[in-house]
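Welcome to a short tour, best taken with your viewer open and a hand on the selection tool. Please load the model below and follow along, stop by stop.

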Amino acid sequence: MVIKLKEGVYWVGAIDWTVRDLHGYIIPTGTTYNAYLVVDEKVALVDTVKHGFLDEMMMRIEKIIDPERIDYVISNHTEMDHSGVIPWVMKQAKNATVVATKKGEEGLKRYYKADWDFKTVGADDELSLGKKTLAFVPTPMLHWPDSMMSYLKEDKILLSNDAFGQHIASYERFDDEVDQNELMEHVRLYFANILMPFTQLITKKLDEVEKLKIPIEMIAPSHGVIWRKNPAGIIEEYKKLSKGETERRAIIVYDTMWHSTEKMATAIAEGIMDEGVKVDVMKLRSSYISEVVTKILGSGALVIGSPTLNNGVFPTVAGFMTYLEGLKPQVKKGAAFGSFGWTGGAVRKLQTQLEGMGIEPIEDGLEVKFLPDANDIKSCIEFGRLIGKSIKEEN
Ligand code: FEO
């Protein structure tokens, strides 16, 4: 199956139906690695696919042209889900030039020990393919130093690489062909786990792109479906997500050894709900952390719970906090709770970690020794009410 975006512009990527763990990030339905072939007097292949998917991509390319005809391999981003098969493409397209940013060239040389013919490009560069022209929009740190987007001027297609992507494996290739609610859930999951640390940069870059006043009729990312129905809509969604606006909702994330911390979580949720504030309760051993951090997007408070194990934080909670720290969450308020047997420790550590992430504690951490009794449960409900009230003050 070859998909035509416009005359002379084709999707020639691969569908990875089975992947569920992409470098530690859990994706529920698989993904696609989108490569695009632009056929004009010159032929450009924009991005490639992950190692293992070469045959699938080549099968599609061969339906359109002889791969030897490829003149340019545009590498928008060095990460190996996009650059993984460039070495094999270059063996077939013997006269091709690899086009990348300076950092991209450095990265490709490091990964593949390659001595290909390189052309480095920046913001003012254009590449004529004949009737069609490629322009380049460097997007450093969105999400790697080498990242850029390519823009096909005459067709008004932004080939945005990771930006505006979603991890969806599907037969459908365009946004208007899939369920819109599911699509936006995938957008949020992708944004939370890949782009959350870069929200300020995203806002700045989106402003810069708007100032360029380049007409965009289609956004073709390197994962998931292509935005042709409403490309402006996904740009607006990114702006909204980058602002870090919160709603009257809290998330309780916890794990438990003998259900004491779990009982506390349930009682705290009750207190939050008593205040008319929505709450999500997510046990870490029953949830994917990629889905947990997606729920944190837009939450008014993060309430984190852990029993004390060996004077420290329970391993699943500690791992989650490490993942979260790297994502630099925008949630502003938080609280910690947990049970302990002999001496505590976990709640203090969690509170310190929350503060280290710039999350303001709503209350001092709440600890319960052994199993929570009726009075402890009342304290947990009251703790939840205080959290709920604090969220209402802000929203
Ligand atoms: Fe889809 Fe940053 O790679």
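Begin by selecting M1, W17 and Y171 and showing their side chains: together they form a nonpolar patch on the surface, with about 360 Å² of accessible area. Bear in mind throughout that you are looking at a predicted model.

Stay with W17 for a moment. Color the backbone around it and you will find W17 in the loop between β3 (14-16) and β4 (21-22). W17 counts as partly exposed because its relative accessibility is 48%, and the partly exposed class runs between 20% and 50%.

Next, jump to D364. This residue sits in another loop, the one that links β23 (360-361) to β24 (366-369). Is D364 buried or exposed? D364 is exposed, since its relative accessible area is 65% and the cut-off for exposed is over 50%. Now add Q351 and F383 to your selection: D364 touches both, leaving aside residues up to four places away in sequence. If you draw a C-alpha to C-alpha distance from D364 to Q351, expect 8.1 Å, for a pair 13 residues apart in sequence.

For the last stop, select T261, which belongs to helix α8 (residues 260-274). T261 has 0% relative accessibility, so it counts as buried; the limit for that label is under 20%. What does T261 touch, not counting residues up to four places away in sequence? Show Y254, D255 and T256, then G305, S306 and P307, and finally F337, G338 and S339: T261 is in contact with each of these.

Conventions. Residues are numbered from 1 along each chain as its sequence is written. This is a predicted model: local features need pLDDT of at least 70, side-chain atom pairs count only at pLDDT 80 or more; totals for chains, interfaces and linings use all residues. Side-chain values use heavy atoms; hydrogens and water are left out. Patches are made of residues with over 30% relative accessible area and no salt bridge: like charges are joined within 9 Å, nonpolar side chains (Val, Leu, Ile, Met, Phe, Trp, Tyr) within 5 Å. Accessible areas come from the Shrake-Rupley method with a 1.4 Å probe; for residues, only the protein chains shown count as cover. A salt bridge is a side-chain nitrogen of Lys or Arg within 4 Å of a carboxyl oxygen of Asp or Glu. Helices (H or I, at least four residues) and strands (E, at least two) are DSSP runs, numbered from the N terminus. Buried means under 20% relative accessible area, exposed over 50%, partly exposed in between (1.4 Å probe, protein chains only). Contact means heavy atoms within 4.5 Å.
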